Amino acid sequence: MPKLFYSPASPYARKVRVVAAEKGVALEVVNAPLSPIARNADVAAANPLGKVPTLLLDDGTALYDSRVITAWLDAQAPSPRLIPDGIARWAVLTQEALADGLLDAALLHRYEHILRPEDKRWDGWAAGQWAKITATLEALEHAAAKFGARADVGTIAVGCALGYLDFRFADKPWRAAHPHLAAWFEAFAARPSMASTKPD
Ligand SMILES: N[C@@H](CCC(=O)N[C@@H](CS)C(=O)NCC(=O)O)C(=O)O
């Protein structure tokens with residue numbers, strides 16, 4: 001069975017776990033604590049970048065990053081299709097990239113505060129990352145009106161990104177300024193795949 005190196009708090013790994021659950025693909029999950037300044041030897045042996053998620057296939061092939069793994073998972077079973085064909089494909093993949101980009105900014109913002117020594121922290125850096133998050137939330141608020149009941153790698157990535165904001169940035173509430181997104185997320189977060197992977 002493919003082995004997924006993950007951490008329970010990683011939103012990228014959560015996205016992979018949600019996609020695996022939606023596809024009905026069984027994975028052996030291995031908790032791999034790490035950070036940019038504390039590499040995990042098992043993960044690094046498979047992925048020189050030392051990041052989770054990393055997926056080890058049965059033949060020893062390592063897959064990363066999360067977007068490669070979600071594409072691999074989608075190819076393992078014909079339905080449900082989480083990456084559609086045709087013109088919709090590019091919009092869905094771009095939405096996954098947008099949500100992952102929000103996470104990249106959120107992680108860089110968080111690392112600046114929890115990992116960098118206090119005397120070396122730079123408020124301008126954190127503000128620059130937060131501006132990316134604000135702009136992405138605004139774009140998603142417009143897009144959410146058309147999400148409907150879609151469940152694909154785009155909406156799954158958005159759900160995991162919003163879940164990460166709730167988890168790590170509860171002091172920066174986003175719902176009041178983004179009511180369509182908030183209403184969509186309330187329903188989406190109740191999917192069993194999302195509820196069973198919620199970080200706590
Ligand atoms: N682009 C990567 C990002 C993965 C990532 O940054 N994961 C974090 C945990 S949430 C990590 O492994 N950080 C350790 C590091 O940056 O060395 C993906 O989509 O998989």
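**Notes on the pockets, the cavity and the ligand**

1. A good place to start is the second largest pocket, where about 170 Å³ of space lies. Please keep in mind while reading that this is a predicted model.

2. Which residues line the second largest pocket? Its lining is made of Arg14, Gly163, Asp166, Phe167, Arg175, Phe185, Ala189, Met194, Ala195, Lys198 and Pro199. By class, six of these residues are nonpolar, one is polar and four are charged. Helix H6 and helix H8 (192-195) each supply at least two residues of this lining, and H6 gives the most, with three residues.

3. Next comes the cavity. The structure holds one cavity of 30 Å³ or more, and the volume of the largest cavity is about 30 Å³. Around this cavity you will find Ala9, Ser10, Pro11, Arg14, Cys160, Gly163, Tyr164 and Pro199. H1 and helix H6 (153-168) are the elements that give two or more residues to that lining. The largest share, three residues, comes from H6. Sorted by class, the cavity lining has five nonpolar residues, two polar ones and one charged.

4. It is worth looking at the cavity and the second largest pocket together. Arg14, Gly163 and Pro199 are among the residues that line the cavity, and these three names also appear in the lining of the second largest pocket. H6 gives the largest share of the cavity lining and also gives the most to the lining of the second largest pocket.

5. Now turn to the largest pocket, with a volume of about 800 Å³. Of the 30 residues that line it, Tyr12, Lys51, Val52, Leu107 and Tyr111 are the closest to its centre. Helices H1, H3 (66-74), H4 and H6 each supply at least two residues of the lining. Which helix provides the largest share of it? That is H4, with seven residues. The class count for this lining is 16 nonpolar, six polar and eight charged residues.

6. Where does the ligand sit? You will find the ligand in the largest pocket. Two elements, helix H1 (11-23) and helix H4 (87-114), give two or more residues to the shell around the ligand. That shell comprises 13 residues, and the closest are Lys51, Val52, Asp65, Ser66 and Tyr111. Lys51, Val52 and Tyr111 are also named among the residues closest to the centre of the pocket. The shell divides into eight nonpolar, three polar and two charged residues.

7. Three polar contacts are handy to inspect on screen. For Val52, a polar backbone atom is 2.8 Å from a nitrogen atom of the ligand. For Ser66, a polar side-chain atom lies 2.6 Å from an oxygen atom of the ligand. For Tyr111, a polar side-chain atom lies 3.2 Å from a nitrogen atom of the ligand. How much of the ligand's exposed area does the protein bury? The ligand taken alone exposes 510 Å², and the protein buries 86% of that.

8. For a first look, you might begin with Val52 and Tyr111: both are among the residues closest to the ligand, and both are among those closest to the centre of the largest pocket. From there, move on to H6, which supplies at least two residues of the largest pocket's lining and three residues of the cavity lining.

Definitions and conventions: Residues numbered from 1 in each chain as written. Predicted model: local features only at pLDDT ≥ 70, side-chain atom pairs only at ≥ 80, totals over all residues. Heavy atoms only, no water. Near = heavy atom within 4 Å. Polar contact = N/O pair within 3.5 Å; in protein donor to acceptor, adjacent residues only side chain to side chain. Areas by Shrake-Rupley, 256 points an atom, 1.4 Å probe, with all protein chains shown as cover. 1 Å grid on protein atoms, 1.4 Å probe; cavity = no way out; pocket = protein on both sides within 12 Å on 5 of 7 lines; lining within 4 Å. Sits in = over half its atoms within 2 Å of the grid points. Helix = DSSP H or I, 4+ residues; strand = E, 2+ residues; numbered from the N terminus. Nonpolar A, V, L, I, M, F, W, Y, C, P; charged D, E, K, R; others polar. Points joined across faces, edges and corners; volume = space filled by probe spheres on them.
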